[in-house]
Structures are given as structure tokens and as C-alpha cells.
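Please examine the sequence and the structure shown below. The paragraphs that follow lead from a single residue to the contact between chains.

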Amino acid sequence: MNNFESLIQGFVSALTFTNLAFGLLGTFLGTLVGVLPGIGPALAIALLLPITYTVSPSSALIMFAAIYYGAMYGGSTTSILLNTPGESGSVITALEGNKMARRGQAGAALATAAIGSFIAGTIATTILAFTAPSIADLAIKVGAADYVALMLVAFTTVSSLLGSSQIRGFISLTIGLVLGLVGADLQSGLSRLTFGNQAAVEGIETVPVIVSIFALGEALYIAARFKELGWNIIPMKGRALMSRQDWKRSWKPWIRGTFLGFPLGVIPAGGSEVPTFLSYSVEKKLSKHPEEFGKGAIEGVAGPEAANNANAAGALVPLLALGLPTSATAAVILVAFQTYQIQPGPTLFLTNGALIWTLIASLFIGNTLLLILNLPLVRVWVQLLKVPRPYLFAGIVTFAMLGAYALNASTFDVQVAIAIGILGFLFRRFGMPITPLILGLILGPNLELQFRRALQISGGDYSTLWATPLSKALYFVLILALFTPVVTRVLRKVRQRTH
Amino acid sequence: MKLPAGAKSELIFASSLFALGLIVFVDTVREKLPAFNLTVSPKLFPYLISSILMTLSVLLAIQIVRGNQAIPEGVEEGEPIEKSDFKTFSIVLASLFAFLLLIERAGFIIAASITFFGITVAFDNKRHLRAAVFGTLFIVIIYLSFTRFLNVPLPAGIFKGIL
């Protein structure tokens with residue numbers, strides 16, 4: 001069966017009445033949570049995971065795809081109307097879209113974001129559908145040692161490119177690795193960092209960690225450090241529609257954004273920050289009205305929003321084909337798969353082919369449902385921004401605790417959640433990035449597994465780790481990612497001195 | 001030597017990171033290896049990770065002393081206050097512990113309602129009665145939709161047999 005036929009099969013199994021109902025519910029809930037200020041897609045998905053625990057895998061997947069797109073869309077609405085980006089990929093949308101809203105063009109900004117996301121999502125999912133299987137075919141030949149190199153590259157790029165301080169990025173990663181160590185070692189049974197606690201032998205669950213570090217950490221941080229908060233909601237006049245002129249100015253940025261965002265999602269380039277900033281500067285260079293940028297130019301919303309969405313779909317390529325998440329959102333998706341007993345990786349298309357094609361079909365359906373449902377409903381979502389802050393935080397925190405407990409019906413997970421919440425507070429207080437920690441926690445055990453596998457094959461000869469051409473190339477990239485920030489800093493200092 | 005302003009609390013943070021690394025190291029030393037031989041010792045990664053963490057926290061401490069301090073994460077909607085408000089912080093933390101202590105003893109509805117109410121108090125809500133009533137209603141709806149529609153079991157506690 002070729003890819004196209006498989007995709008059609010995927011649509012057939014995705015398009016049942018029950019699945020569509022779950023898709024609609026997912027779109028609704030995803031937008032509902034994503035629109036809440038300060039909640040990015042990663043947290044929105046993690047918060048909503050408990051809902052999918054007992055649903056059948058194919059319904060869960062379609063619901064999940066809908067939640068994913070809904071959360072992304074909800075996030076851009078909040079960025080435009082409230083100027084509170086929930087994740088780094090929405091920073092540009094907040095910058096330019098909020099200016100548009102202030103000029104009375106909120107409707108056009110929301111529409112170009114939604115339609116741009118839809119187009120980018122559709123193109124990117126199509127590319128995903130036709131490239132991921134071939135990448136997975138290639139990836140089957142990727143050996144354990146190459147995986148070790150790949151993961152080390154992902155660690156380095158995410159820790160050293162995100163945030164302002166390399167050391168803080170790597171510390172965050174290392175703490176994630178420590179959390180990943182907890183529990184009985186699978187190979188030897190050695191219990192590590194359990195301190196005699198029976199519940200800890202199973203290891204630390206990822207879902208409570210992700211939810212707590214975002215939600216509880218944020219609640220504690222705002223409680224301790226901020227007072228007299230007030231929001232400036234920009235009232236939306238008219239409907240979320242675009243004029244002919246808006247369409248003319250938007251369509252090229254959508255396309256360019258898509259083709260910038262997708263490839264940068266496939267390689268571990270540190271998430272959606274880089275492509276959205278790149279798209280913004282490209283649009284500014286190519287625009288006939290560069291003076292409007294920074295004051296509310298529609299191209300500055302259309303391009304980055306498309307780039308953000310295509311980037312998210314691009315991140316699914318390494319996730320599905322290699323089992324390698326490259327952003328916080330992708331990491332949460334990996335965890336979600338694992339709760340349905342699906343292990344992403346090169347063999348996924350062989351062992352669980354039908355389910356994966358259902359997922360890809362679900363991505364198309366979720367994306368379409370979103371466009372149909374959300375543009376007309378945008379006023380409903382705007383009302384949500386008026387939820388009083390105390391209630392908002394109370395709801396998020398209670399839901400986070402519910403999620404932590406419901407996973408295994410165990411109070412140990414709740415204890416972990418509270419501890420991680422305090423850690424999240426400290427991370428915010430001391431300017432440490434969060435994404436490296438999540439990657440470390442999820443990929444750490446995997447890294448150790450592949451490392452051992454590589455050395456078992458070579459009989460303990462460590463040179464096997466850099467024996468293949470691929471691993472050599474990857475270590476070269478790693479060194480580049482590690483030293484580029486240092487070199488540029490030194491160069492800047494030298495230049496300052498000579499001036 | 002005079003420290004840059006505000007560096008003290010961050011230095012405490014850096015030293016607790018060092019302590020965490022040390023704990024991992026000591027725990028690894030104390031565990032007994034299994035009798036059979038393994039190509040890669042299960043102690044290798046803990047040793048590596050703890051050494052990296054300790055090295056990095058020393059480097060961080062050096063950076064702090066040299067004046068390269070953390071930039072606390074900004075929140076768009078408000079101005080940060082200079083000194084942490086530990087009273088509000090404790091109310092939030094106490095609400096979290098209330099959930100932990102009550103979830104299996106009193107059930108989800110009571111535990112979650114108290115947490116919900118506690119957070120609204122921390123975030124400066126003035127109308128306490130309204131928050132309590134609304135919060136409890138919200139929690140009951142959540143409880144019923146999870147246990148009835150989604151089949152996710154939550155402890156009924158003292159409402160066993162009633163709800």
C-alpha cells in the first residue's frame with residue numbers, strides 16, 4: 001500500500017461519528033484552555049491529557065490532534081487581544097497583532113492568524129504525510145550510537161540556544177536528567193534515588209512534572225512576585241474578517257512562513273522561536289510598507305503565525321520517525337503517545353501504521369474543524385478573557401492537581417507535583433529556561449538505553465560512539481551549537497574594545 | 001569581598017543545586033551493584049550527571065559573584081515587586097498541601113474545593129462566599145464529568161454512595 005492509500009485508510013477510520021464528536025470536543029476544549037492567558041500549547045495539552053485516559057486510541061488521537069491545534073489557535077487569540085504570549089512562538093504575534101488590535105483591526109489580525117495557521121497546518125501536514133514514512137525508512141538504519149549523538153545534539157541546541165544564559169540552560173537540562181534517573185534501573189534493577197520509597201521505584205511520571213512546572217510554578221511565582229495585576233483587553237469591533245487588501249497582503253507571508261517554519265521544525269533548532277523571528281524579519285525586508293512594522297502590519301502576523309504552525313507540524317517528523325522530541329510541545333505529545341502505549345520511532349510505521357495514518361488524517365480534520373468552528377465563535381472566546389484572575393488560577397491549579405492524582409490514583413504523584421511546582425517557582429525566579437528540563441527528563445532514560453545498546457554491540461569499545469559518518473557529522477554540529485554563542489560573545493567584546 | 005545586590009539568594013540557589021548533585025553522587029556510591037557483569041555500569045550515568053551538575057553549579061556561582069545575575073522571568077501584565085511576598089506564596093502552597101492531605105481521606109470534592117478556595121484567597125479575591133459557592137459547584141461538575149462520562153475514577157471520600 002502506498003502512502004496515499006494509507007492516508008485514505010486513515011481518513012476512513014478517523015471519520016466516524018464518535019470520532020468526529022471527540023474531535024469537536026477536543027477543538028472546543030483545546031481552544032478553551034489555550035485561550036486562557038499564560039497557557040501555551042504544551043501546558044494546555046498536558047492539562048487536558050487526563051480526559052483522554054480512558055477513550056479508545058483512535059478517538060483519543062483525533063481528540064488530541066484537535067486539542068493541539070485548538071490550543072495553538074487559542075494562544076494566538078490571547079496574544080493578539082491581551083498581549084500575553086503563552087509560549088515563545090507567539091511572541092511576535094503578540095508584538096505585531098496586539099498593535100493591530102489597538103488600531104481597531106483585531107478582527108483582521110485574528111482572521112489572518114487563523115486562516116494562515118490553517119493553510120500552514122494543511123501544507124505542513126501534507127509534507128509530513130509524504131516525508132515521515134521515508135524518513136522512518138532511513139531511520140531504521142540509524143544505529144544506537146547515532147541515536148546517542150542525535151539526542152546529545154538535541155540537548156545541546158535546546159539548552160544553549162534558548163534563554164540568555166548557556167550555563168542556566170544546561171543546569172535545567174541536568175536537573176531534568178536527575179529526575180529521569182529516579183526509579184529502578186531497567187537493566188540491572190538497581191534502584192536509584194528512591195531513598196526506600198516504594199512508589200518512587202516506578203520512576204517519576206512525566207505528565208505531573210510538565211503540568212506542575214508550568215502551572216503550579218507560575219501560580220507560586222505570580223503569588224510571590226507580582227501585585228496589582230490588571231489586564232488590558234482590547235475590545236473587538238466587527239467580525240473576524242479580512243478585506244480584499246488584507247488577503248492580498250497575507251497570502252504570500254503565509255506561504256513563506258510555512259516553508260520557513262517546517263524545515264526548522266524538522267531539525268532540532270530550539271523550537272518555534274527562531275522560525276517566527278526569521279519569518280518576521282523576512283516579511284519586514286520584503287514588505288512594501290516596512291514603516292508599518294512595529295505599528296501593526298498584517299504581514300507581521302500572517303508570516304510568523306504560519307511559521308509557528310508549520311514549525312509545530314515539522315517537529316512531528318523527528319517525533320514520529322525517530323521518537324525524538326525537539327520542543328516542549330513535542331515532548332508532551334510524546335508522553336501522550338506513551339499513555340496510549342504507542343512508542344514513536346522508526347518501527348512505528350510498521351507496528352502501528354494504521355494508527356499513525358489515523359493520526360495524520362486527524363491532524364487534517366482537527367485543523368479544518370478549528371477553522372469552521374473558531375472564526376464564527378471568536379466572540380465566545382473573547383468572553384473567556386474576562387474570567388476573573390483568582391478564578392482562573394484556582395481552576396488551573398485544581399485541574400493540575402487532578403491530573404497529577406488521576407494518572408495512577410497515587411498520592412506520590414501529587415507529592416512530586418508539589419515539589420516540582422516549587423522548583424518551577426525557583427526556575428522563574430532565577431531565570432532558568434524550562435524546556436531543557438522537560439527534554440532531559442523524557443530523553444535521559446532513552447539516552448542511557450541507546451548508550452548501553454551501542455556499547456553492548458561493540459563489546460565495550462567506546463570508539464563505536466563516533467564510528468559512523470552520521471555520528472561524526474552530528475558531533476560536529478554539537479560543537480558548533482556549543483561554541484557559537486561563546487564565539488559571538490567574544491567577538492562582540494573585541495569589537496567593542498576596538499571602537 | 002562585596003557581593004552584587006541581590007546575589008545572596010541566588011547563591012543559596014546555586015549551592016542547593018550543588019547539594020542536589022552531591023546527593024545523587026552519594027546515593028550512587030551507596031547502592032550495591034548486582035552480582036552479574038554489565039557492559040555499562042548502571043552507576044555510570046548517575047556519576048556523570050551528578051559531576052556535571054556540581055561543576056555547572058560552581059560555574060553558576062562564579063558567574064553570580066562576577067555580577068552576571070539571573071533575570072527573573074517577566075510577566076507581561078504586571079510589574080514585579082522587589083521582595084518576594086511569602087505570605088501569599090504560603091497560602092498557595094498550603095492550598096496544594098490541603099489537596100495532598102485530603103484527597104484520599106475526605107475525597108476529591110472536598111479536597112479540590114478547598115484548594116480552589118485557597119487559591120482565590122491568595123489571588124486577592126474579596127468576595128469569599130461567592131468564591132466558595134462557585135468553586136464547589138465547579139468542582140462537583142468536574143467530578144461528575146470525570147467519573148460519569150470519562151470513566152476516570154476519583155475518590156468519592158465521605159460522599160461515597162451519595163454522589
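In which helix is the place of L129(B)? The residue belongs to α5 of chain B, a helix that covers residues 128–149. The model is a predicted one, and L129(B) is exposed in it, because only 7 other C-beta atoms lie within 10 Å, where 12 or fewer is the criterion for exposure. F117(B) is twelve residues away from L129(B) in sequence, and the C-alpha atoms of the two are 9.5 Å apart in space.

Confidence can be stated for the chain and for the model. Chain B has a mean pLDDT of 86, with 88% of its residues at 70 or more. The scores of the model are ipTM 0.92 and pTM 0.86.

The contact between the chains involves 62 residues of chain A and 63 residues of chain B. On the chain A side, the elements that contribute two or more residues are α8 (166–181), α9 (206–225), α16 (389–406), α17 (411–429) and α18 (435–458). Of these, α16(A) provides the largest share, eleven residues. Sorted by class, the side of chain A that touches chain B comprises 36 nonpolar, 16 polar and ten charged residues.

One of the contributing helices, α8(A), can be followed further. Its 16 residues reach 23 Å from the first C-alpha to the last, close to the 22 Å expected at 1.5 Å a residue. In α8(A), 15 of the 16 residues are buried, and the helix is therefore largely enclosed by the rest of the structure. After α8(A) comes G183(A), which has a positive phi near 115°.

Notes: Residues numbered from 1 in each chain as written. Chains lettered and ligands numbered in written order. Predicted model: local features only at pLDDT ≥ 70, side-chain atom pairs only at ≥ 80, totals over all residues. Contact = placed C-beta atoms within 7 Å. Helix = DSSP H or I, 4+ residues; strand = E, 2+ residues; numbered from the N terminus. Nonpolar A, V, L, I, M, F, W, Y, C, P; charged D, E, K, R; others polar. Expected span 1.5 Å × (residues − 1). Buried ≥ 20, exposed ≤ 12 C-beta atoms within 10 Å, placed from the backbone. pLDDT = per-residue confidence, 0-100.
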